[in-house]
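Good morning. Please look at the sequence and the structure on the screen while I talk.

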Amino acid sequence: HGNLFYSGSVANISQKGMFINTKRLLPSGAIFVVLIRIENQLLKVIARVKRNVRDNSDGDGMGVELLSPSDMYMELVNGLQGNY
């Protein structure tokens, strides 16, 4: 966001969004690129911040909505759902 990189961990993921644990919360409505490392590849997903959360059971973080997720992202999520 803003030509800077921030780290975070995905705590919850779905076809339409995810919750990202991070200490650096972006403003509601901010649009940014999420980079997801899959083995030796980087998957880029465009996201919009829907809500910020501080000090809950999942820790600090952001609930984000994904804008036009790619087929590769959908395959990733569908594969993860099959493991639960």
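I will go through the overall layout, the strand pairing, the core, the surface patch and then a few loop residues.

To begin with, please keep in mind that this is a predicted model. The protein has 1 helix and 5 strands. Starting at the N terminus, the order of the elements is β-β-β-β-β-α. The protein has 84 residues, and 29% of them count as buried. Its accessible surface comes to about 5900 Å², with 48% of that belonging to carbon and sulfur atoms. As for contacts between residues at least 6 apart in sequence, 48% of them join residues at least 24 apart.

Now the strand pairing. S3 and S4 pair in the antiparallel sense, over 8 bridges. One bridge to look at joins phenylalanine 32 to alanine 47, its partner in S4. S3 and S4 form a hairpin, and 2 residues lie between them. S4 also pairs with S5, again in the antiparallel sense, over 7 bridges. There, valine 49 stands opposite valine 64 in S5.

Next, the core. Which residues have the most contacts inside the largest nonpolar core? They are Met18, Phe32, Val34, Val64 and Tyr73, in a core of 17 residues. At least two residues of this core come from each of these elements: strand S2 (17-21), strand S3 (31-38), strand S4 (41-53), strand S5 (61-67) and helix H1 (71-81). S4 gives the most, with 4 residues. Take valine 34 as an example. Setting aside residues up to four places away in sequence, valine 34 touches Met18, Ile20, Leu43, Lys44, Val45 and Ala47.

From the core we go to the surface. A nonpolar patch is formed there by Phe5, Ile31, Val33, Leu35, Leu42 and Ile46, and together these residues have about 600 Å² of accessible area. S3 and S4 are the elements that give two or more residues to the patch. The largest share, 3 residues, comes from S3. Valine 33 is in strand S3. With a relative accessibility of 46%, valine 33 counts as partly exposed, because that value falls between the 20% and 50% cut-offs.

That leaves the loops. Two residues here have a positive phi without being glycine, and I take them in sequence order. Glutamate 39 has a phi of about 55 degrees. Its place is in the loop between S3 and S4, which is the turn of the hairpin I mentioned. Is glutamate 39 buried or exposed? Its relative accessible area is 74%, so glutamate 39 is exposed. Serine 68 has a phi near 55 degrees, and is found in the loop between S5 and H1. Serine 68 has 72% relative accessibility and therefore counts as exposed.

The last residue on my list is aspartate 60, in the loop between S4 and S5. Aspartate 60 is buried, because its relative accessible area of 14% is under the 20% cut-off. Which residues is aspartate 60 in contact with, leaving aside neighbours within four places in sequence? They are Phe19, Ile20, Asn21, Thr22, Lys23, Val53, Arg54 and Asp55. If you want to find aspartate 60 on the screen, look in the loop between S4 and S5.

Technical notes:
Residues are numbered from 1 along each chain as its sequence is written. This is a predicted model: local features need pLDDT of at least 70, side-chain atom pairs count only at pLDDT 80 or more; totals for chains, interfaces and linings use all residues. Side-chain values use heavy atoms; hydrogens and water are left out. A nonpolar core is a set of buried Ala, Val, Leu, Ile, Met, Phe, Trp, Tyr and Cys residues joined through side-chain atoms within 4.5 Å. Buried means under 20% relative accessible area, exposed over 50%, partly exposed in between (1.4 Å probe, protein chains only). Contact means heavy atoms within 4.5 Å. Accessible areas come from the Shrake-Rupley method with a 1.4 Å probe; for residues, only the protein chains shown count as cover. Patches are made of residues with over 30% relative accessible area and no salt bridge: like charges are joined within 9 Å, nonpolar side chains (Val, Leu, Ile, Met, Phe, Trp, Tyr) within 5 Å. A salt bridge is a side-chain nitrogen of Lys or Arg within 4 Å of a carboxyl oxygen of Asp or Glu. Two strands pair if DSSP finds at least two bridges between them.
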